[in-house]
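Colleague: Could we go through this model together? I'd like to start with the overall layout and then look at one helix.

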Amino acid sequence: MIFDALLLDRLRSANNVVFFTGAGASIESGIPTFRGGKDSFWVDFDVETFATLDGFLNNPKQVWQWYAQRRLQIQGLQPNLGHQVMARWQAKASKVTVITQNIDNLHQRAGSQAVLELHGNIAQYKCVRHHPVTTSVDLTVSEPPLCPQCGTLIRPNVVWFHEALPASTLNLAEIASFESDVFVSIGCSMDVQPAASLPYLASQCGAYVLQINPESTDLDEYAHCNLRGKSGEVMPKLWEAVWGECL
Ligand SMILES: [Zn+2]
């Protein structure tokens with residue numbers, strides 16, 4: 001794979017790099033994209049039931065158990081080479097921010113620090129009034145326990161449909177995009193707002209925008225460079241080309 005010399009220069013000299021990941025970054029770990037179809041992961045997934053607050057309040061036990069199963073499934077999967085390269089990049093370069101739309105916790109398991117999770121984390125919990133679960137609550141039970149602070153149901157800490165993104169996280173993601181010298185969009189379908197606006201914000205503020213995706217997206221014509229391929233294949237080669245060392 002031959003990389004554009006300008007891209008390599010910009011990555012080597014960047015003071016601020018953003019890696020922005022979507023569902024495509026986790027496919028190689030075994031987590032299919034939502035649009036990917038009817039495999040075991042998304043089978044019987046009904047958006048209104050499993051991805052809205054009303055669905056949870058109407059079927060708390062069913063939704064709780066569905067998320068518990070998905071959480072266990074994800075725990076049995078491993079971060080892929082793409083996640084590993086991003087974690088290593090964070091350790092090597094001056095400032096690297098990882099922003100993700102994924103809820104699978106795989107960046108952290110690969111070693112990334114301070115990941116900005118726009119859609120929450122399936123391994124974390126909060127109550128329906130958004131108190132984070134920090135005290136000892138038995139989460140292994142078959143139906144949602146009650147919040148020790150307010151007595152409402154405890155739910156997964158993921159962003160459901162009709163819910164706003166966590167404001168402070170989105171704010172930090174916007175600042176990181178604004179300040180970035182190179183913004184790398186990886187496996188993002190670019191059709192979920194407001195997250196999809198981040199590469200445009202970065203570009204308007206002078207960043208070089210690189211997109212890594214096997215498929216074309218709305219970002220294609222806007223990105224300075226498009227690399228067609230999977231994260232776990234492209235990222236190790238990019239690492240080697242930029243840093244001159246093997247993984
Ligand atoms: Zn509460």
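Colleague: How far apart do the C-alpha centres of domain 1 and domain 2 lie?

Modeller: They lie 28 Å apart, with domain 1 given as 1-30 + 79-119 + 165-247 and domain 2 as 32-76 + 126-158, bounds that come from an automatic or database domain assignment. This is a predicted model, in which local features need pLDDT of at least 70 and side-chain atom pairs count only at pLDDT 80 or more, while totals for chains, interfaces and linings use all residues. Residues are numbered from 1 along each chain as its sequence is written, and side-chain values use heavy atoms, leaving out hydrogens and water.

Colleague: And how many residues are in contact between domain 1 and domain 2?

Modeller: 11 residues of domain 1 are in contact with 7 residues of domain 2 (heavy atoms within 4.5 Å). The area buried between the two domains is about 620 Å², 61% of it from carbon and sulfur atoms (accessible area with a 1.4 Å probe that the two parts lose on being put together, summed over both).

Colleague: Switching to α7, which residues are buried there?

Modeller: Thr169, Leu170, Ala173, Ala176 and Ser177 are buried (under 20% relative accessible area, against over 50% for exposed, with a 1.4 Å probe and protein chains only). They cover an arc of only 125° around the axis, which puts them on the same side of α7, the arc being taken from the directions from the helix axis to the C-beta atoms.

Colleague: What do they pack against?

Modeller: The buried residues of α7 pack against β1 (17-21), β2 (96-100), β3 (116-117), β6 (182-186) and α8 (198-204), whereas the face turned away from the buried side carries the exposed Ala167 and Ser168. Helices here are DSSP runs of H or I with at least four residues, and strands are runs of E with at least two, numbered from the N terminus.
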